[in-house]
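Here is a short report on one protein chain. Keep the structure in view as you read.

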Amino acid sequence: MSNLPPAIDFAKTEEEICSKWAEEGTFKKQDALSLERGDKEYTFYDGPPFATGLPHYGHILAGTIKDVVTRYACQTGHHVQRRAGWDCHGLPVEYEIDQKLNITHRDQVLAMGVDKYNETCRGIVTRYTKEWERTVNRLGRWIDFENDYKTMDPTFMESVWWVFKELFNKDLVYQGYKVMPFSTACGTPLSNFEAGLNYKDVRDPAVVVSFPLRDEEGVSFVAWTTTPWTLPSNIALCVHPTMEYVKVLDKKSGARYILAKARLPQIYPEMTKKKKWTPQKAAETLEVEATFQGSELVGKKYEPIFGYFANSEGSEEYFRILSDTYVTDDAGTGIVHQAPAFGEDDYRVCLSHKVIQKGKDLPCPVDSNGMFTDQVPEVKGLHVKKADETLIKLIKDSGRLVQKANLDHSYPFCWRSDTPLIYKAVPSWFIKVEEIRDRIVENNKKTYWVPNAVKEGRFHSWLTDARDWAVSRNRFWGTPIPIWCSESMDEVVCIGSVDELAELSGVRVTDLHKDVVDEITIPSKKNPGTVLRRVDEVFDCWFESGSMPYAQKHYPFENKEEFENGFPADFIAEGLDQTRGWFYTLMVLSTALFDKPAFKNLIVNGLVLAGDGKKMSKRLKNYPDPNLVISKYGADALRMYLINSPVVRAESLKFQESGVLGVVKEVFLPLYNAFRFFVQNMERWESKGNKFVPSVDKVKSTSNSTDVWISAATQGLIKYVHEEMEAYRLYTVMPALVRFVTQLTNWYVRLNRDRLKGLEGGDASDAETGLQVLYDVLLDVTVLMAPFTPFITEYFYQHLRKLQPSYAEAADGGGASNPVKPGKSDSVHFLTLPAYDEGRLNESAVEAMEALQAVVENGRTCRERRNISLRTPIKCVTVVLRNPSANVVDSLNGPLKGYVLSELNAWELVIVPKEQEHEWVTLSLTPNFTVLGKKLGKKMKDFKSHVTSMSHADAVACLEKGSLDFENLTISATDELVSKLAFSKDGEQWESTSTPEGDVVVAIDCTQDEAILSAGRSRELINAIQQLRKAAGLDIGDKVEVFYEEEAGLSVVESAVSNNVEAFATKFQGSVPLPKKFAPSWSVELRSGTAEIGGSTVNVYICRPAVAGKDGLSEEVLYYLSTLEPADVAGKDSLELKIDGKEYTLKEGVDYWVSAGAKLKDVK
């Protein structure tokens, strides 16, 4: 272990650990150990991603959350099957192939051959699986790629058929004609939740068009629309039955219009400008000739704007006024044009008024690619969105255009092709969601979400308004809908398995894709001699992912008991966008099948945005490559950065690479330094003939206050992590871990540095006790953090385990066997997470340490304000604590006092007794404006003056009473007043500060006399010596002699040393720095340098210890002494030697000394 480098390359170390895990099959071994123990099953569903693209930060975030939770489950007595899955079907794949093959129309696929098209799709669905596997493994996520599932596997597809047949048998499936969001780029309808995935702000043309009445010449209805391309399909107008409508004469044009009275400003926008819209202006502009209720207009006929469908079947019911309450007066004219092929409400209203009939064709001159057909020859072959301007021109030329403008609004785009959606009536297969909606809502109540607000808000709202779900797509690469029917649809068979298809058709298949099963017919039972053929559609890929819990297990054909025992899943996690996606489809299908939720616990993560707050974009390159970030800082740093951010509570995160670096600097490096510090000092302690054997008994028996505190804090952390992880609150766990690392490294280790190094006097076993405590904490925290940061914890564990007596049991495969235990087990991830020790929880120790930290931090602030270096001591630190417990006072005056004095380099600490507080501080009161605002109203100003002018004694009395009376009102001192202590003692020598809450006031005596200055200079010299020792690569136990050389005529350092001899002797094992002139001529210099001490430049030398000789001895004798080591003469009273036949007897303390310091002491 002694080879630990001063700094560690975390990323490189992680790569080595990755390789080790792969070579040793660590993940598989963990799983095998769990199965061998019979651990309780914990069911986890991993939503299948598409492998047609590379993983991004959204995947990395969700993957990290899943990995943390499942690792935690594994290390708390559960077995978790973590199986990777791939979404292989649907639009994402087809869209990419269409782009590649330049396919723009369905007929091109049919001409190419569905089998060839599907084979091309199959060829790309797993294109990036290896890249995914590499990135996921490098991230430290353990998931089984060898035993993965794919939605294109025949077993998966067969289970999807089973799901659908179950719904079919429950009468939850129907075929309908419905207006749906439609992607013209992909040529297929989308579900409502898909349509909600990608809204964008757009600018569309907004026109007002006239519709002349047939029975009243010169009068027109006027309607407003932002989709001019739908006007060729207009067959009705709709008004609100109770809204007030007016007929107005437009004075300028002489035209007469009928529209909602409340919507006159649509035609006359100047009406909104009250100052300009005078009675005279109104009279000059328009005249209201008649008023109607909307219901009075129903049935009136008008002239069609285009004649394309004037003579089509059923047109005798067209071109009339209808009514419905969906019409509003917040925009437009209060009259809505109806094109039932392109509007959900249009379709519903026209159907209810018998303008159209169920099952009959609709006026729909637009094909599946959004192109106008030859039914509208002027724009034939144009995409609807590109046809607007041509159609507007035609309307204008016909004299029917009343107004043209633009409207900026939010509009749905296709989530895959990123093109505008339209709404279009298409025949589809539907799941009756509305019929089971109440059960879905009830089942949602049985689930636990983090954060709960998403469950109760967004998801609940979506469920309560859920519509029937269109699950069919007019595409090719997907699971075919397993319905075979006659041409007239009077005979329909739903197939639920391969066996059933074979039984009914006589054909057994091994592939269930469209190009295979479309060739299969089923003999009709109703009409012998005829056959049933499969319907054309395939399933929406969301139906497949919603079927994933069953299909990944090939349920119910295999694993029936295993599935049923593990359903609903214990845990799932995905992003916020899945509230209308996977979370929804899981809930719909599980309710329809089993009347249960599909999962028990769910974590919803927010979106990871680019640093500028915009969506991450490959095109804009506005975010760093995840693989580069991992290779630069390590996966642990990225993991901790992501899960220690708002994104794990469904908020957005603006990704900053500096944040990942911050984790390395603020968490991992300090933790590594603490770990390395332990190893170095443990080995130093062992170098003295000791053997370090971890002992929890020694940890529990320590009486050192900081030991008791850090042990209590560790047990408190363990308890907290378990509580929060049981509640799936990762966003509270990570901050607690980060805070603890700070407490361990910035406080415990720093306060005990000399003790752990064995430099403090007293009982020699105290160093071992500190090392035992530090080892115990490091081991507990290492194991506890393993689910969160799997790499650095594995690195620490591999070193820490070697000290355990059970390490010997790891040989010959023992490290991968049960029972698992620290030392023996080959990986930290085999271990069970520590349970907290109730007996070591100690609120008193924690409370006292919090007080110490408040005193020290505020004391440092005082020093900084006066610009007093920490090397310069201060005479006194005075502390006022508001209502401190006896434990805190006793601790600060007792065992913690030395730590405070050391940290602040102070000579005295005074904790002011309560009866003397008034001599040091003033208690001030102010109103709690947030709470008192409504209660006091206009009296607030007077009340503020009253309380802020109270004396210290009155304020104290108020708090002791608990309330304050003011103008017949009782003000609570606890909730409605804010109280703070402030330093008030006179004297320039004082510098003070207080905590933000005003509970702790710290003041330092800044008096600088010669004793203080001298002590400060000695600290400066000690620091210079320490820096030279470090530069020379010396260990703490290495003894040296120190010499210094001041500028001629100065004795600043000499004075500082002579006044602080004890401090130097304590720090440097009895060695005190000496002027250079006292160094033996044969001293070997190890390192030298200059230092600024007391305003002057001093040369400092560290030298190997050397024997010193008496001045005036012969050169021969001095040469002989120069060859000796101090150890050669230590403990001897004299030396006998013979040089050139001449004998000498040298006496210790007279002729020679063990060091220059000893010589100087005797000579003086």
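Helix 4 (91–101) and strand 24 (538–539) each supply at least two residues of the lining of the largest cavity. Helices (H or I, at least four residues) and strands (E, at least two) are DSSP runs, numbered from the N terminus. This is a predicted model, where local features need pLDDT of at least 70, side-chain atom pairs count only at pLDDT 80 or more, and totals for chains, interfaces and linings use all residues. Residues are numbered from 1 along each chain as its sequence is written, and side-chain values use heavy atoms, with hydrogens and water left out.

**The largest cavity**

Rolling a probe the size of a water molecule over the atoms shows where empty space is left. On a 1 Å grid over the protein atoms alone, a cavity is a set of points where a 1.4 Å probe fits but cannot get out; lining residues have an atom within 4 Å of a point. Grid points are joined across faces, edges and corners, and a volume is the space filled by probe spheres set on the points. The count comes to 6 cavities of 30 Å³ or more. The largest has a volume of about 90 Å³. Its lining includes Gly90, Leu91, Glu94, Arg473, Trp477 and Phe539. The lining residues divide into 5 nonpolar, 2 polar and 5 charged. Here Ala, Val, Leu, Ile, Met, Phe, Trp, Tyr, Cys and Pro count as nonpolar, Asp, Glu, Lys and Arg as charged, and the others, Gly among them, as polar.

**Two buried residues**

Buried means under 20% relative accessible area, exposed over 50%, partly exposed in between (1.4 Å probe, protein chains only).

| Residue | Place | Relative accessible area |
|---|---|---|
| Lys178 | strand 5 (residues 173–183) | 16% |
| Ser497 | loop between strand 21 (492–494) and helix 17 (498–505) | 11% |

What is Lys178 in contact with, leaving aside its neighbours within four places in sequence? Its partners include Glu344, Lys424, Phe430 and Asp468. Contact means heavy atoms within 4.5 Å. With such neighbours again left aside, Ser497 is in contact with Glu158, Trp161 and Phe557.

**Helix 30 and the domains**

Helix 30 (residues 765–785) has 21 residues. From first C-alpha to last it reaches 30 Å, close to the 30 Å expected at 1.5 Å a residue. That expected span is 1.5 Å times one less than the number of residues. Of the 21 residues in helix 30, 19 are buried.

Domain bounds come from an automatic or database domain assignment. The assignment includes domain 2 (200–417) and domain 3 (658–841). Their C-alpha centres lie 74 Å apart.

How values were computed
On a 1 Å grid over the protein atoms alone, a cavity is a set of points where a 1.4 Å probe fits but cannot get out, and a pocket is an open set with protein on both sides within 12 Å along at least five of seven lines; lining residues have an atom within 4 Å of a point.
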